[in-house]
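Me: I've got a structure open and want to know what the labels people put on it rest on. Can we start with the pockets and then go on to single residues?

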Amino acid sequence: PAGWKLSSLGKIQFIKGKVPTVTESAQKMPLVNMDYINTGTALEIDAENAVIVDSGEIIMLMDGENSGFVNQSPIQGALGSTFAKIRVENNKKDFVYHLLLNNEDWIRRNTTGTGIPHVDKEIVRRIQFAIPPSNILDKFNEIAQNSFEVLQIIKIKNKALSNTRDALLPRLMSGELKLS
């Protein structure tokens, strides 16, 4: 359409997290890693020398079985070593997040490495898409942000319900807990 341009993710930056450290005297912050994404429970690690990720920033799992997993950080914290935060122009953040989500299966099928899979950054950078003019992109970001906030609330509630189920089911199965 008029005003749209063909683009790629060639300019995105991958900023890798670091291996967490824990010492007695250092200031602490929550660790954003796959365990946190799965359970909602964060380890407290040293803030010093950590790669800080802000709530809402795009993160991608770069190493391991689920390489290519894309999310937005649910909290501000220290980014775990298997993740990278994705830096893009600010007004394109939501657009790029949804573009990466749409291509997540393709990214995950095209990892590198023979033992441990790794995201191929160049494959991600070569993803092509048509980008709308700024006024359309701004409108998309406005609509997407509202939808994303609702989705995040649903994800948090779903995780809490799953955790409650997982805690109560063994007690129910053992007979310790009775349904009335």
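Reply: Sure. In the lining of the largest pocket there are 10 nonpolar, 6 polar and 2 charged residues. Keep in mind that this is a predicted model.

Me: What makes a residue part of the lining of a pocket?

Reply: It needs an atom within 4 Å of a pocket point. For the largest pocket, 18 residues make the list, and Ile 37, Asn 71, Lys 155, Ile 156 and Lys 159 are the closest to its centre. The volume of that pocket comes to about 460 Å³.

Me: Which element gives the most to the lining of the largest pocket?

Reply: That's α5, with 7 residues. The elements that each supply at least two are α1 (34–39), β7, α2 (93–102) and α5 (134–174).

Me: And what does the lining of the second largest pocket divide into?

Reply: There you get 6 nonpolar, 3 polar and 4 charged residues. The pocket holds about 230 Å³ of space. It has 13 lining residues, and Ser 7, Ser 8, Lys 11, Glu 89 and Lys 92 lie nearest its centre. Two or more residues come from each of β1 (5–8) and β10 (128–131).

Me: On to single residues. Why is Ser 73 called buried rather than exposed?

Reply: Its relative accessible area is 2%, and buried means under 20%. Because 2% falls under that cut-off, Ser 73 counts as buried. It sits in the loop between β7 (70–72) and β8 (77–79).

Me: What is Ser 73 in contact with, leaving aside its neighbours within four places in sequence?

Reply: Val 32, Val 53, Asp 54, Ser 55, Gly 56, Glu 57 and Ile 59.

Me: What makes the link from the side chain of Ser 73 to the backbone oxygen of Ile 75 a polar contact?

Reply: The distance is 2.6 Å, and the limit for such a pair of N or O atoms is 3.5 Å. So the pair is within the cut-off and counts as a polar contact.

Me: Now Asn 49: why is this one called exposed?

Reply: Exposed means over 50% relative accessible area. Asn 49 has 59%, so it passes. You'll find Asn 49 in the loop between β4 (44–46) and β5 (52–53).

Me: What is the phi of Asn 49?

Reply: It's positive, about 65°, although Asn 49 is not a glycine. Most residues other than glycine have a negative phi.

Methods
Residues numbered from 1 in each chain as written. Predicted model: local features only at pLDDT ≥ 70, side-chain atom pairs only at ≥ 80, totals over all residues. Heavy atoms only, no water. Helix = DSSP H or I, 4+ residues; strand = E, 2+ residues; numbered from the N terminus. Buried < 20%, exposed > 50% of the residue type's maximum accessible area, 1.4 Å probe, protein only. Polar contact = N/O pair within 3.5 Å; in protein donor to acceptor, adjacent residues only side chain to side chain. Contact = heavy atoms within 4.5 Å. 1 Å grid on protein atoms, 1.4 Å probe; cavity = no way out; pocket = protein on both sides within 12 Å on 5 of 7 lines; lining within 4 Å. Points joined across faces, edges and corners; volume = space filled by probe spheres on them. Nonpolar A, V, L, I, M, F, W, Y, C, P; charged D, E, K, R; others polar.
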